[in-house]
Amino acid sequence: MTAAPKASLKDRLHSSNIVVAPGVYDALSASLAEQAGFDTVYLSGASLAYTKLGRPDIGLMSLTEVTDSLAHIRERSDISIVVDCDTGFGNAINVMRSVRLMERSGANAIQLEDQTYPKRCGHLRGKTLVSQGEMVGKLKAALDARDSDETLIIGRTDAIASEGIDGAMERANAYYEAGADMLFVEGIRSADQVERVMSQFKGRIPVMANMVEGGDTPLQDAETLKSLGFSLVIFPGALVRAFTFMASQFFETLKADGTTDNFRDRMLDFKQLNDYLGTQTMLEQGLQYEDSTR
């Protein structure tokens with residue numbers, strides 16, 4: 001029996017369920033998410049900055065660094081990938097190039113925000129925004145540049161921090177009118193603000209939520225967010241925070257003991273890791289192409 005085709009991300013976002021997308025930053029983390037049963041991941045610009053550069057999310061990443069990471073994930077996995085495109089790395093023409101490169105590298109959805117460049121994490125203070133008109137132009141450029149309507153363009157506004165909820169709602173509506181496939185009002189701070197967003201957009205366009213441990217938005221579980229009307233929830237930096245906590249403990253143990261033996265109950269051994277990576281299968285596959293005449 002032929003397996004039923006997997007629903008597209010676009011279809012899943014318009015269903016009655018909520019899509020939960022953990023933040024990832026490389027092929028290994030994406031494959032681990034897929035193994036755990038997730039059908040969608042979020043390639044987080046913050047997590048890329050944390051792990052590739054060891055730096056904060058303040059606009060230091062380049063388009064090439066993001067697309068390289070995206071291509072490695074796509075080579076390893078068929079999972080749906082939502083990609084953080086920051087501000088599009090420039091003006092509308094840069095946005096068009098960014099969208100084309102990300103789509104060709106395997107993005108299923110591309111998120112663009114209305115901050116000035118260099119941007120900063122949505123939960124840091126001191127953000128500044130481009131004009132509403134400039135952001136509308138960027139979104140229209142992104143929509144024109146994509147090759148497939150299945151590649152979704154997400155319009156994000158960071159206006160709550162600087163213009164309040166009224167300014168954020170005005171911008172979000174403009175991005176909706178521009179044709180964005182999904183809206184992201186960053187930094188929602190209260191149930192009243194959630195109600196403002198949902199009263200205007202629920203049922204009209206998918207809306208995403210961002211859960212950041214210690215951030216401005218109170219943490220909610222996926223079922224609660226679904227009941228509020230959200231279609232997608234991302235946990236962009238959670239894995240890095242978990243990894244940093246674990247790695248700090250690992251290095252402390254190794255430094256103190258001079259051995260990894262006391263940490264072995266919290267790690268895979270050599271065979272377990274190779275089993276997960278499928279090393280033996282790949283080696284056997286390679287043998288099929290060996291020169292049989294030698």
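Helices α2, α10 and α11 each supply at least two residues to the lining of the largest pocket. This is a predicted model, and that pocket is a good place to enter it. Its volume is about 560 Å³. The lining of the largest pocket counts 17 residues. Nearest its centre lie Leu-28, Leu-32, Phe-243, Met-246 and Leu-268. Helix α10 gives the largest share of the lining, four residues.

Take helix α2 next. It spans residues 27–35. At its start, a side-chain oxygen of Asp-26 comes to within 3.4 Å of the backbone nitrogen of Leu-28. Leu-28 is also among the residues nearest the centre of the largest pocket. Which residues of α2 are buried? They are Ala-27, Ser-29, Ala-30, Ser-31 and Ala-33. Several elements help to cover them. Strands β1 (19–24) and β2 (40–43) are included in that cover. So are helices α4 (63–76), α10 (238–257) and α11 (270–277). Thus α10 and α11 appear twice in the picture: they are part of the cover over the buried residues of α2, and they contribute to the pocket lining. After α2 comes Gly-37, with a positive phi near 110°.

Now turn to the strands. Strand β6 covers residues 182–185. In a regular strand, side chains alternate between the two faces of the sheet. β6 can be read that way. Met-182 and Phe-184 point one way, while Leu-183 and Val-185 point the other way. Are these four residues buried or exposed? All are buried.

β6 has a partner in β5, residues 152–157. The two strands pair in the parallel sense, over four bridges. One link to look for is Arg-156, whose bridge partner in β6 is Phe-184. Between β5 and β6 the chain passes through helix α7, residues 160–178, and this β-α-β crossover is right-handed.

β6 also pairs with β7, residues 207–210. These strands run parallel too, joined by two bridges. Here Phe-184 has Met-208 as its bridge partner in β7. Phe-184 is therefore a useful marker, being a bridge partner of Arg-156 and of Met-208. The next connection runs through helix α8, residues 191–201: β6, α8 and β7 make a right-handed β-α-β unit.

Two glutamates come next. Glu-186 sits in the loop between β6 and α8. Is Glu-186 buried or exposed? It counts as buried, because its relative accessibility is 2%. Its side chain has a polar partner. A contact of 2.9 Å joins the side chains of Glu-186 and Asn-210. Glu-177 lies in helix α7. With 56% relative accessibility, Glu-177 counts as exposed. Its C-alpha atom is 24 Å from that of Tyr-117, and these two residues are 60 apart along the chain.

Look now at the loop between β3 (80–84) and α5 (92–105), which holds Asp-86. Most residues other than glycine have a negative phi. Asp-86 is not a glycine, yet its phi is positive, about 50°. Asp-86 is buried, because its relative accessible area is 4%. Phe-89 lies in the loop between β3 and α5 as well. Its phi is also positive, near 65°, and it too is a residue other than glycine. Is Phe-89 buried or exposed? At 14% relative accessibility, Phe-89 counts as buried.

The last stop is Asn-17. It is found in the loop between α1 (9–13) and β1. Its relative accessible area is 47%, so Asn-17 is partly exposed. Which residues does Asn-17 touch, leaving aside those up to four places away in sequence? They are Arg-12, Lys-226 and Ser-231. With Lys-226 there is a polar contact between side chains, at 3.4 Å. Asn-17 and Gly-229 are 212 residues apart in sequence, but their C-alpha atoms are 9.6 Å apart in space.

How values were computed: Residues numbered from 1 in each chain as written. Predicted model: local features only at pLDDT ≥ 70, side-chain atom pairs only at ≥ 80, totals over all residues. Heavy atoms only, no water. Buried < 20%, exposed > 50% of the residue type's maximum accessible area, 1.4 Å probe, protein only. Pairing = 2+ DSSP bridges. Right-handed = clockwise from strand over helix to strand, strands pointing away. Contact = heavy atoms within 4.5 Å. Polar contact = N/O pair within 3.5 Å; in protein donor to acceptor, adjacent residues only side chain to side chain. 1 Å grid on protein atoms, 1.4 Å probe; cavity = no way out; pocket = protein on both sides within 12 Å on 5 of 7 lines; lining within 4 Å. Points joined across faces, edges and corners; volume = space filled by probe spheres on them.
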